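The questions below work through one helix and what surrounds it, each answer ending on the value or name that was asked for.

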Amino acid sequence: MLIGISKLISPELLKILMEMGHSDEIVIADGNFPGASHTQRLVRADGHNIPELLDAILQLFPLDQYVEKPAALMGVVPGDTAETPIWAEYGAIIEARTGLKEPFEEVERFAFYERAKKAYAVIATGESALYANLILKKGVIK
């Protein structure tokens with residue numbers, strides 16, 4: 001344990017966050033996401049929900065200030081009636097930590113999967129909300 005680092009941030013996740021460079025992306029995946037088949041670096045965060053983990057990560061991780069939308073959401077499949085209230089939670093957390101009011105782009109489901117395959121790592125969580133997958137693009141510390 002370290003002072004000032006959330007207990008939600010495992011040693012493995014801390015190492016991954018530190019290894020990442022500017023513009024590298026990390027996926028925070030919900031419990032339905034096929035994480036093991038979509039990455040070379042899978043970090044298990046079973047039992048954790050994404051909002052709490054997102055808040056802990058953003059205390060350590062700068063979002064890319066050189067792009068218009070440094071976060072991406074998996075868009076709802078056309079015709080699916082699923083609601084996405086968790087997106088508002090993400091927005092409130094990101095705004096509180098970074099000041100960004102509109103940080104998200106929506107990415108079509110299969111395009112999201114392809115982007116996830118190119119991400120630096122995938123964090124597999126226990127999040128049960130639908131369409132809760134999120135990609136963060138790392139920025140620089142000035």
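In this predicted model, a residue counts as buried when its relative accessible area is under 20%, as exposed when over 50%, and as partly exposed in between.

Q: Which residues of α4 are buried?
A: Helix α4 spans residues 109-118. Its buried residues cover an arc of only 165 degrees around the axis, which puts them on the same side of α4. In an α-helix there are 3.6 residues a turn, so residues three or four places apart point the same way. The buried residues are Phe 112, Tyr 113, Arg 115 and Ala 116.

Q: Which strands are included in what covers the buried residues of α4?
A: Arg 115, one of those buried residues, is in contact with Glu 25, Ala 72, Glu 105, Val 107 and Ile 135, its neighbours within four places in sequence being left aside. For the buried residues of α4 taken together, the cover includes β1 (25-29), β3 (71-74), β4 (104-107), β5 (121-125) and β6 (134-137).

Q: What is the length of the polar contact that joins the side chains of Arg 115 and Glu 25?
A: Arg 115 is found in helix α4, and Glu 25 is among the residues with which Arg 115 is in contact. The polar contact between their side chains is 2.6 Å.

Q: Is Lys 117 buried, partly exposed or exposed?
A: Lys 117 also belongs to helix α4. Its relative accessible area is 43%, and because the partly exposed class lies between 20% and 50%, Lys 117 is partly exposed.

Q: Which residue caps the N-terminal end of α4?
A: A side-chain oxygen lies 3.0 Å from the backbone nitrogen of Phe 110, and the residue that supplies this oxygen is Glu 108.

Terms used: Residues numbered from 1 in each chain as written. Predicted model: local features only at pLDDT ≥ 70, side-chain atom pairs only at ≥ 80, totals over all residues. Heavy atoms only, no water. Helix = DSSP H or I, 4+ residues; strand = E, 2+ residues; numbered from the N terminus. Polar contact = N/O pair within 3.5 Å; in protein donor to acceptor, adjacent residues only side chain to side chain. Contact = heavy atoms within 4.5 Å. Buried < 20%, exposed > 50% of the residue type's maximum accessible area, 1.4 Å probe, protein only. Arc of directions from axis to C-beta.
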